Amino acid sequence: MKKRLLAMLLAGAMIFALAACGNDTADTTSTPTAGTNAETPDDGTETKTVKVGLICIGDENDQGYTYNFIRGKEAVTEALAAKGITVDWQVKWNIGEDSTCEDANIELAEAGCDLIINNSYGFEPYMLKVAPDYPNIEFIACTNQASWTDDLPNTHNAFANIYEGRYLAGVVAGMKLQEMIDSGEITADQAIIGYVGAYSFAEVISGFTAYYLGAKSVCPSVTMKVQFVGSWSDASAEGNAAQALCDAGCIMISQHSDNTTPATAAQNNGAFHTGYNNDMISVAPDSSLIGTRIDWSVYFEYAIEAVANGEEFDQDWCHGMDEGAVVMTPLNEDIAAAGTAEKLAEVEEAIRSGELQVFDTSTFTVGGAELTTCLALDTDGDFVADSEEAVFDGAFHESYFQSAPYFTVQIDGIEWLNSAY
């Protein structure tokens, strides 16, 4: 593992500089409580306060990735208040995947946070520079994979089985495409999905493959084209990619990117759309069918309550529809295919019960052949000879050996238009 300890002298210098300069990215709405403490109200019940830092790559106005975290923050604050736990949030907005993330972690640690949550994939290396110097603070890297396998008990990874929601969104898309085929509006070979992907990482590949398999389960002729943009959040690039996909003949657009521009591009081109992180019907009412998102309040409640009670919690956490950690946004029944709501309920229950395996190897091929063996990623993110075998019992078992996705197989029916990222 790549571990680098932060020198105490350097940390002190950085903290002094940061204190002198101030920080415009801080959330100034939080209360001044520092540390975890117990209070006794007039009714005699004990309450606890946990000071939680949240480092965000965007802000509450992005209507996508960071907005979804803020929804989780607000929901868990209410849920924990009912349990007698007050959460004092300290939020850092618009932090880059660079040394500013290291600075933000130091600032929150020095401010007395009991728990610090880093919300973006690229934050983890910077978080891991800081965590060794604050062993009494718990550090969480969301959507990542290196923290739980290091030698630090105070670092954690968390993710959710979002591929389950992607599969369901694909079912919705496939039903719409099949309805268009059945009505004669398009031919079977015109059922082409365009997918805007941030990077050619396992997380994105896993998601769009699950989406495609969901669509294919109800529209057998469907194919997909994927355009990577090289950024988690670049509204212009995402919109341009969606436009290029529409120009290439795609009549259904989906995305693993943070902004609403793919939805508006789809609507401008008369295509349909399924979203991510947020209900996008308001910006594309004639196009957006449904979306899926992680409900981060489920994990936040688990982790923050453990800290409040002085308990340990998992260093690697992952759940999906089984615990409500993956949810669907509202279905746009004005434009969805007939029977979509009923089909969604049926498929969701099959996923929840384990009856349906999203990556059932009998439902796809790789180079014309069924996938019979594939190694899961090891802790450094590489395929190695002694890695765990991910294919067993007739399915590729995603996020089974670690919370972070490791499905990187390029299956038949999906065309990668670029793969530079």
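**Exercise 1: two loop residues**

Asn 94 lies in the loop between β3 (85–92) and α3 (99–110); find the sign of its phi and say how exposed the residue is. Then do the same for Ser 399.

*Solution.* A word on the input: this is a predicted model, where local features need pLDDT of at least 70, side-chain atom pairs count only at pLDDT 80 or more, and totals for chains, interfaces and linings use all residues. Residues are numbered from 1 along each chain as its sequence is written, and side-chain values use heavy atoms, with hydrogens and water left out.

Step 1: element names. Helices (H or I, at least four residues) and strands (E, at least two) are DSSP runs, numbered from the N terminus.

Step 2: the angle. Asn 94 has a phi near 55°, which is positive although the residue isn't glycine. As background, most residues other than glycine have a negative phi.

Step 3: exposure. Buried means under 20% relative accessible area, exposed over 50%, and partly exposed in between (1.4 Å probe, protein chains only). Asn 94 comes out at 47%, so it's partly exposed.

Step 4: Ser 399. This residue belongs to the loop between β15 (395–396) and β16, and its phi is near 50°, again a positive value in a non-glycine residue. Its relative accessible area is 11%, so Ser 399 is buried.

**Exercise 2: lay out the sheet**

Give the strand order of the 7-stranded open sheet, name its edges, and find the helix α5 contacts on it.

*Solution.* Step 1: the order. Two strands pair if DSSP finds at least two bridges between them. Following the pairs gives β13-β11-β10-β9-β7-β8-β16, with mixed pairing.

Step 2: the edges. β13 (326–328) and β16 (414–416) each pair on one side only.

Step 3: the twist. From one strand to the next it averages 20°.

Step 4: the helix. Contact means heavy atoms within 4.5 Å. By that rule α5 (residues 162–182) packs on the sheet and touches β7 (192–197), β9 (252–256), β10 (272–276), β11 (288–294) and β13. For directions, axes are lines fitted to C-alpha atoms, for helices over the stretch in contact, and angles run from 0 to 180 degrees between N-to-C directions. The α5 direction makes about 170° with that of β11.

**Exercise 3: walk from β16 to β10**

Count the bridges at each pairing from β16 to β10, then check how well β7 and β9 are covered.

*Solution.* Step 1: β16 to β8. Strand β8 (residues 223–228) pairs with β16 in the parallel sense over 3 bridges, and Val 226 stands opposite Trp 416 there.

Step 2: β8 to β7. These two are parallel with 6 bridges; Ile 193 faces Met 224 across the pairing.

Step 3: β7 to β9. Here you get 5 bridges, parallel too, with Gly 194 opposite Ile 253.

Step 4: β9 to β10. The strands run parallel and 2 bridges join them; Met 252 has Phe 272 as its bridge partner.

Step 5: cover. In β7, 6 of 6 residues are buried: Ile 192, Gly 194 and Val 196 point one way, and Ile 193, Tyr 195 and Gly 197 the other. In β9, 5 of 5 are buried, with Met 252, Ser 254 and His 256 on one side and Ile 253 and Gln 255 on the other.

**Exercise 4: Thr 292 and Asn 277**

Decide whether Thr 292 and Asn 277 are buried or exposed, and list some of what they touch.

*Solution.* Step 1: Thr 292. This residue sits in β11 and has 0% relative accessibility, so it counts as buried. Its C-alpha atom is 4.3 Å from that of Met 328, 36 residues away along the chain. Leaving out residues up to four places away in sequence, its contacts include Ile 162, Arg 166, Tyr 276, Asn 277 and Met 328.

Step 2: Asn 277. You'll find it in the loop between β10 and β11, and at 2% it's buried. With the sequence-neighbour rule applied again, Asn 277 touches Gly 64, Tyr 65, Asn 68, Arg 71, Asp 258, Thr 292 and Arg 293.
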